[in-house]
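Let's go through this one together, asking how each label is earned.

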Amino acid sequence: TIWTLLLAGTFAASACKESPSLSDSAIIPLPQEINNASGSFNLTPETGIKVVGAGVNLTEIGEYLAEKLRPATSFDVPVSNEAGQIVLELADGDASEAYEIRISEEEVKITSSGEAGLFYGVQTFLQLLPREIAHASAQSVDWAVPAGTIKDKPTFGYRGSMLDVARHFMPVEDVKYYIDQMAVYKLNYLHLHLTDDQGWRIEIKSWPKLTEIGGSTEVGGGEGGYYTQEEYKEIVAYAAEQFITIVPEVDMPGHTNAVLASYGELNPGVNLPDGDLTTVTKAPLEYEMQLKVPQASELYTGIEVGWSTFNTDFELTYAFVDSVVREISEITPGPYFHIGGDESHVTEKDDYVYFVERVQDIVSKYGKTSIGWDEVATAKLLPGNVAQFWAKEENAKLAKDQGNQILISPAKKAYLDMQYDSTSRIGLHWAAYIELDSAYIWEPTEYTSGITKENILGVEAPLWTETVANRVDLDYLVFPRLTAIAEVAWTKKERRSWESYSRRVSAHGKRWDIQGVGFYRSPKVNW
Ligand code: TNX
């Protein structure tokens, strides 16, 4: 009869209904290789995690995954070395960020020869689950993951972001929140811009007034703040658990008013933006003493740049830098120390070069590698030191010609503090308006003429905070653009397309809604 035919037709249709395939998943950054298989793996109340191999942090990685799975599934998700359908296997070989995932109906197996690689495999796996996994409370959902295999590895070894905690101070909790978000997108370096004209944000035991005075305000005149060394160590450790290395920055010789306001003896006589000359600098000492006791500058809460400088002739300046580099290096396990070096518009050119070269030696004495904003390449860089390209191509070129590597942060593409368009509620626009498609569509190895893959250490997206006062502001400028930069840094150019990314980022928008991340709903995306 007609009814039998109709019924049969309905069954046939539902049997054929395509379940989503692995390559349709919304993974950011896009993995280098995805192959589909039929069927799916389902999380059930019995699913456990099995860790295999001799890594010191394997159980922690297993627990990290379990803690992400438990709230929304309400399953126990035990972690052990004995049994489990989700296997995290640390394979032999040099520690690597590359990983593979094999998903069958019975098992999910994540393999890497490095703990970082396993962690990235875990991040990818989490993004394969239905978005309800982002809820903090139990959801009734079919927890299916499409079968297939993923082979993945990063294009660049340094994938970073920067928080300017100097212009507006950010509490430890907000920094941890940012670290959590970076980890989702496989970013592995967090650069903390700890000092600027408006604030000094890290305790230095041998120079206590830096935080007492220099840490006491911020842009707009708020109360500022700083991290004690214990708190800084807590941030470093928290980041390390998610395979993120902290890069501390002390910006000098410019951007130093917070220092000069804290210690008058370091103040060369600051040419404040309104033109006040406060002290005499190069007079012979006896004469200077009769004339004027060096006087601290005033604290600054505006947003002008390029008007402050250390005196590069004072030996005390270098004694100061030595203590600061020593104390921070002692609590920084990562290899890099960022010396700033940008926009020193009131430092004589020769003085600037002399200063950068001396400071590099201090950093190297304490076992760290210097990174500096691109202007540092006008000095003779030590081998291995890094120039961070933000504005001047000719500086990137100078670094390359000296045989040094470049960290790519073009202000027109990677600056998270730029407005999206002229209507953006906060943000600056001196470099560009950066809509999401503009933040996505560029290629680090082609951006600067003459700078190719082997000259590039990696990519970093800085968030300057002149206009960013709190987490709501941060969310708005950072999301979704941070994910665009993360993909530019991770996924090879041939695999990237705006069409694919914009589809995937809309899926992330739904997760951000669940988590209460107040992202910018770019009109370029169908959210
Ligand atoms: C330039 S980028 C600066 C910062 C500002 C930023 C604002 C760089 C190395 N220096 O001091 O905060 O512009 O976008």
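**Two helices side by side**

Q: Why are α2 and α3 called roughly parallel to each other?
A: Helix α2 (residues 58-73) and helix α3 (residues 115-128) pack at an angle of about 15 degrees, and angles under 35 degrees count as roughly parallel, so α2 and α3 get that label. Their axes, lines fitted to C-alpha atoms over the stretch in contact, are 10 Å apart. Helices here are DSSP runs (H or I, at least four residues), numbered from the N terminus.

Q: Which residues make the contact of α2 with α3?
A: I61, Y64, L65 and K68 come from α2, and E115, L118, F119, V122 and L126 from α3. Two residues are in contact if their C-beta atoms, placed from the backbone, lie within 7 Å.

Q: What classes of residue make up that contact?
A: It has seven nonpolar, no polar and two charged residues. Asp, Glu, Lys and Arg count as charged, and Tyr is among the nonpolar ones.

Q: How far should a reader trust the details?
A: This is a predicted model, where local features need pLDDT of at least 70 and side-chain atom pairs count only at pLDDT 80 or more, while totals for chains, interfaces and linings use all residues. Residues are numbered from 1 along each chain as its sequence is written.

Q: What makes a residue part of the shell around the ligand?
A: Its C-beta atom, placed from the backbone, lies within 6 Å of the molecule. The residues around the ligand include D342, E343, W373 and W464, and the shell has six nonpolar, no polar and four charged residues.

Definitions and conventions
Axes are lines fitted to C-alpha atoms, for helices over the stretch in contact, and angles run from 0 to 180 degrees between N-to-C directions. Angles under 35 degrees count as roughly parallel, over 145 as roughly antiparallel, 65 to 115 as roughly perpendicular and the rest as oblique.
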